[in-house]
Amino acid sequence: MLMPTDTFFTRRRTVRRYSGRQLSDDTLRELFEEASHAPTTGNMQLYSAVVTRSAEMKRRLAPMHFGQPQFQGCQAAVTVCADLRRFTRWCEISGAEAGFDNLQMFFAGVLDAAMFAQQLCTAAESRGLGTCYLGTTTYNAPEIAEALSLPQLVVPVTTVTVGYPDECPADPGRLPVEAIMHQESYEDFSDSRLRELYADKEAREDSRRFVEENSLENLAQVFARVRYPRNPTNASRSRLRLLYARPASISEHH
Ligand SMILES: Cc1cc2nc3c(=O)[nH]c(=O)nc-3n(C[C@H](O)[C@H](O)[C@H](O)COP(=O)(O)O)c2cc1C
């Protein structure tokens, strides 16, 4: 029997440990087919995705994902890219000039890529597979672009690892809906209301453990100072530089 959709969504978890059960090429292709029906900007599908399955490519890419074990352990890692190239080239060979090398279209490509990625996750999860996004793709975008031979105007956005689950992760919790939902216009929170909204998250046992392990005062410090510290190197190696650093014309490529 199918799970009701509310349960399907509230019970889904990121899965980082996978069993050795094989994921067939046919199933992977079906996931791509279903995910490709995600909405995209002007139905242009401004994304592409590179599948990593071979041990050799996994070994090469693993350090770029900071050795996260789900990358090595998955059946397939799918690196989803904003792809302004395919469409631009189609225009070029059709006597049309697509001025897509700008921030507006880059956002469109990133959105298209993200929605494809999420639909791929949902398609996978609806078959009992588990998935995990790897944010490390944006940290090491230039190196990953090079390893995957991404040409100009193709920028890695995220990687999704896929495999059959070998764990049942606990509920990581979410902020209450009141923290994210605004009616008609955005209403900023008072300090005390903000504290209330984060109170359950701060009270969780795993949160307390993070604070203690890092000898910090509170959970916000764990996120701001340890997990996602300000890093000027990341900013200067941004995806935008990758997009614009190379020569403008791409028409000579076949
Ligand atoms: C853009 C993005 C990047 C992520 N990067 C990582 C990652 O590098 N490693 C990881 O283990 N999980 C990663 N995650 C998974 C999140 O940690 C996870 O979604 C979050 O903790 C909530 O847990 P849940 O998905 O089980 O509800 C990422 C998720 C997103 C959406």
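**Group meeting talk: a walk through a predicted model**

Hi everyone, let me start at A220, which has its place in helix α11, residues 219–227. Before I go on, please keep in mind that this is a predicted model. Is A220 buried or exposed, or something in between? With 13 C-beta neighbours inside 10 Å, A220 counts as partly exposed. Along the chain A220 and E202 are 18 residues apart, and their C-alpha atoms are separated by 8.7 Å.

Just before that part of the chain comes helix α10, residues 205–213. Of its nine residues the number buried is zero, so α10 lies largely in the open. Right after α10 you will find S215, which takes a positive phi of about 50°.

Now let's step back to the whole chain. The protein chain has 13 helices and four strands. Its C-alpha trace spans about 60 × 45 × 40 Å along the principal axes. Of the 254 residues in the protein chain, buried ones make up 25%. If you take contacts between residues at least 6 apart in sequence, 79% of them join residues at least 24 apart.

On to the sheet. What is the order of the strands? The four strands form an open sheet in the order β1-β2-β4-β3, and the pairing is antiparallel. β1 and β3 are at the edges with a single partner strand each, so one side of each has no neighbour in the sheet. From one strand to the next the twist averages 25°. Helix α6 packs on this sheet and touches β1, β2, β3 and β4, with its direction making about 155° with that of β2.

Let me zoom in on β4, residues 154–163. This strand is mostly covered, with 10 of its 10 residues buried. On one flank, eight bridges join β4 to β2, residues 76–83, and the two run antiparallel. If you want landmarks along that pairing, A77 stands opposite T161, and A82 stands opposite V155. On the other flank, five bridges join β4 to β3, residues 130–134, again antiparallel. There, C132 stands opposite T161. So if you click on T161 in the viewer, look for A77 across from T161 in β2 and C132 across from T161 in β3.

C132 also brings us to the ligand. Which residues are around the ligand? They are R13, T14, R16, Q68, C132, Y133, L134, G135, T136, T158, P169 and P172. β3 gives the most to this shell, with three residues. By character, the shell divides into five nonpolar, five polar and two charged residues.

Next, the inside of the protein. The largest nonpolar core has 41 residues, and those with the most contacts inside it are Y47, V80, C81, A82, A113, F116 and L120. The elements giving two or more residues to this core are α2 (25–35), β1 (47–52), β2, α6 (103–125), β3, α8 (141–147) and β4. Which element gives the largest share? That is α6, with 11 residues.

Two members of that core deserve a closer look. Y47 is found in strand β1, and with 29 C-beta neighbours inside 10 Å it counts as buried. Setting aside neighbours within four places in sequence, Y47 is in contact with V80, C81, A82, D83, G109, D112, A113 and F116. The C-alpha atoms of Y47 and L111 are separated by 9.0 Å, although the two are 64 residues apart along the chain. The second one is F116. With the same kind of neighbours left out, F116 is in contact with A35, S36, A38, Y47, A49 and V80.

Last stop, two loop residues with unusual-looking entries in your backbone angle table. The first is F66, in the loop between α3 (55–61) and α4 (69–73). Phi of F66 is near 50°, a positive value in a residue other than glycine. With 11 C-beta neighbours inside 10 Å, F66 counts as exposed. The other is E184, in the loop between β4 and α9 (191–203). E184 has a positive phi of about 70° although it is not a glycine. Is E184 buried or exposed? With 5 C-beta neighbours inside 10 Å, E184 counts as exposed.

That's my tour, thanks for listening!

Technical notes:
Residues numbered from 1 in each chain as written. Predicted model: local features only at pLDDT ≥ 70, side-chain atom pairs only at ≥ 80, totals over all residues. Buried ≥ 20, exposed ≤ 12 C-beta atoms within 10 Å, placed from the backbone. Pairing = 2+ DSSP bridges. Near = placed C-beta within 6 Å. Nonpolar A, V, L, I, M, F, W, Y, C, P; charged D, E, K, R; others polar. Core = buried A, V, L, I, M, F, W, Y, C linked by C-beta atoms within 7 Å. Contact = placed C-beta atoms within 7 Å. Axes fitted to C-alpha atoms, helices over the stretch in contact; angles between N-to-C directions.
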